[in-house]
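Please open the model in your viewer and keep the selection panel at hand. The tour moves from helix packing to the empty spaces, one selection at a time.

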Amino acid sequence: MNLSRDEIIDLLNSEGEAAARLFERAAAVRDKTIGNGIYLRGLIEYSNLCVKNCLYCGIRRDAECERYTLTRGQVLAAAEHAWRERFGSVVLQGGENRLSAYIADIERLVKDIKTLSRGELGITLSLGEQSLDTYRRWFAAGAHRYLLRIETSNRALFERIHPAEDGEFDTRLQALHDLRAAGYQVGTGVMIGLPGQTVEDLADDLLFMRALDIDMCGMGPYIPSAGTPLAAQAVWPAERRMNLTLNMIAVLRLLMPDINIAATTALQAIVPDGRLRAVAAGANVIMPNLTPDALRKNYSLYDNKPLSFDTKILEANIRYGEWGDSKHFFKND
Ligand code: 5AD
Ligand code: SF4
């Protein structure tokens, strides 16, 4: 559906009854275009080591948190669990690291996950900015989807929340293009309610995603993380950040009916049924956490990050054992 920037802004400002109508419309568009199935990706938080110092993130380089990297055995056990439970796919996520040993470890893990699941598990990676060569290696190993959030499409805001020495906005954009060139289904996303962000910025984020012709999106409310530099700055109330996130999901569904949109964990940090509300607003992907219990607390990107999600309530809609690829990716135009 084509919407002008002004129409998008109006829809993003929907409240109460109008918001309820927007969600119904978005869910109907999803059901008609790609069906009412919900696809699971088992989330494996591989490591909280990170070379970057993003001003908002609880595992930034300077954060004083306990660092861990899962062992091969832990990753493969989590993947095997996902396979046995017929999750369809796993996501390997982690902080940024570009050492050659790390790149080789990931390559080997991807191959091993493919082997142990007899090629049945789809593999999404979310491991930050890497070289085109690395993206190609991991793709050749068997990964076929990649998530890399732009965080905000407003260049000035991006620069305010990322230290200059960690790389520029254009580097992130280039990485998104490289992922496409390497053959991945490409996902991006933004945080909603960043200090200084406006509803106009959010409308531009949606237009950015459409211009980039993304296949998948994961976006969630910004949640201050105690001890990070950005946490000192004022933000919209949590309820507004959540409502805007739901509106963003619904409007993106209207703009890009056949992409995959995740109901992200950060929503559930604000209200217990946050991810369910995202599904009702047009999302179609859920990423239950499969990181070993004892380590989950260390992958603390923001305060109050939920450690689990109960899929029972969505049981009737969950499509077990399917990859749930982005329909958009296979479209020819
Ligand atoms: N609030 C919400 N999301 C956050 N992320 C990192 N820190 C925060 C925070 N404080 C998100 C970023 C990143 C993803 C892995 O986690 O969007 O891309
Ligand atoms: Fe590292 Fe990602 Fe956190 Fe930035 S948002 S500090 S790249 S883990």
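## Stop one: two helix pairs

Begin by selecting α1 and α8, which are oblique to each other because of the angle between their axes. In this predicted model, the axis of α1 (residues 5–12) and that of α8 come within 9 Å and cross at roughly 120 degrees. If you look along the pair, the passage of α1 over α8 is a right-handed crossing. To see the contact itself, show side chains for R5, I8, I9 and L12 in α1, and then for V199, E200, L202, A203, D204, L206 and L207 in α8, which they meet. Coloured by class, this contact of α1 with α8 has eight nonpolar and three charged residues, and no polar ones.

Keep α8 (residues 199–212) on display and add α9 (residues 238–255); these two helices pack at an angle of about 30 degrees, and their axes are 11 Å apart. With angles under 35 degrees counted as roughly parallel, α8 and α9 are therefore roughly parallel to each other. The crossing in which α8 passes α9 is right-handed. On the α8 side, select V199, L202, D205, L206, M209 and R210, and on the α9 side R240, L244, M248, V251, L252 and L255, since together these residues make the contact. They divide into nine nonpolar and three charged residues, with no polar residue in the contact of α8 with α9.

## Stop two: a pocket beside α9

Stay with α9 and turn to the second largest pocket, which holds about 190 Å³ of space. Its lining can be selected as L12, N13, S14, E15, G16, A19, F23, R240, N243, L244, L246 and N247. The elements that each give two or more residues to this lining are α2 (16–33) and α9, and the most come from α9, with five residues. R240 and L244 line this pocket and also belong to the contact of α9 with α8, while L12, another lining residue, is part of the contact that α1 makes with α8. By class, the lining of the second largest pocket divides into five nonpolar, five polar and two charged residues.

## Stop three: the largest pocket

Now move to the largest pocket, in which about 250 Å³ of space lies. Centre the view on H81, F87, P288, N289 and L290, which are the closest to the pocket centre of the 13 residues that line it. Two elements to highlight here are α3 (72–84) and α12 (293–296), each of which gives two or more residues to the lining. The lining of the largest pocket has six nonpolar, four polar and three charged residues.

## Stop four: the enclosed space

For the last stop, ask how many cavities of 30 Å³ or more a search of the whole structure finds. The search finds four, and the largest cavity contains about 970 Å³ of space. Select Q93, S126, R149, E151 and L301 to find the middle of this cavity, because these lie nearest its centre among the 49 residues of its lining. Next, show as ribbons the elements that give two or more residues to that lining, namely the strands β1 (39–47), β2 (89–94), β3 (122–126), β4 (145–147), β7 (216–221) and β8 (260–263), together with the helix α10 (265–270). Of the elements around the largest cavity, β7 gives the most to the lining, with five residues. A final colouring by class divides the lining of the largest cavity into 24 nonpolar, 15 polar and 10 charged residues.

How values were computed
Residues are numbered from 1 along each chain as its sequence is written. Chains are lettered from A and ligands numbered from 1 in the order in which they are written. This is a predicted model: local features need pLDDT of at least 70, side-chain atom pairs count only at pLDDT 80 or more; totals for chains, interfaces and linings use all residues. Side-chain values use heavy atoms; hydrogens and water are left out. On a 1 Å grid over the protein atoms alone, a cavity is a set of points where a 1.4 Å probe fits but cannot get out, and a pocket is an open set with protein on both sides within 12 Å along at least five of seven lines; lining residues have an atom within 4 Å of a point. Grid points are joined across faces, edges and corners, and a volume is the space filled by probe spheres set on the points. Helices (H or I, at least four residues) and strands (E, at least two) are DSSP runs, numbered from the N terminus. Ala, Val, Leu, Ile, Met, Phe, Trp, Tyr, Cys and Pro count as nonpolar, Asp, Glu, Lys and Arg as charged, and the others, Gly among them, as polar. Axes are lines fitted to C-alpha atoms, for helices over the stretch in contact, and angles run from 0 to 180 degrees between N-to-C directions. Angles under 35 degrees count as roughly parallel, over 145 as roughly antiparallel, 65 to 115 as roughly perpendicular and the rest as oblique. A crossing is left-handed if the near helix is turned anticlockwise from the far one by less than a right angle, and right-handed if clockwise. Contact means heavy atoms within 4.5 Å.
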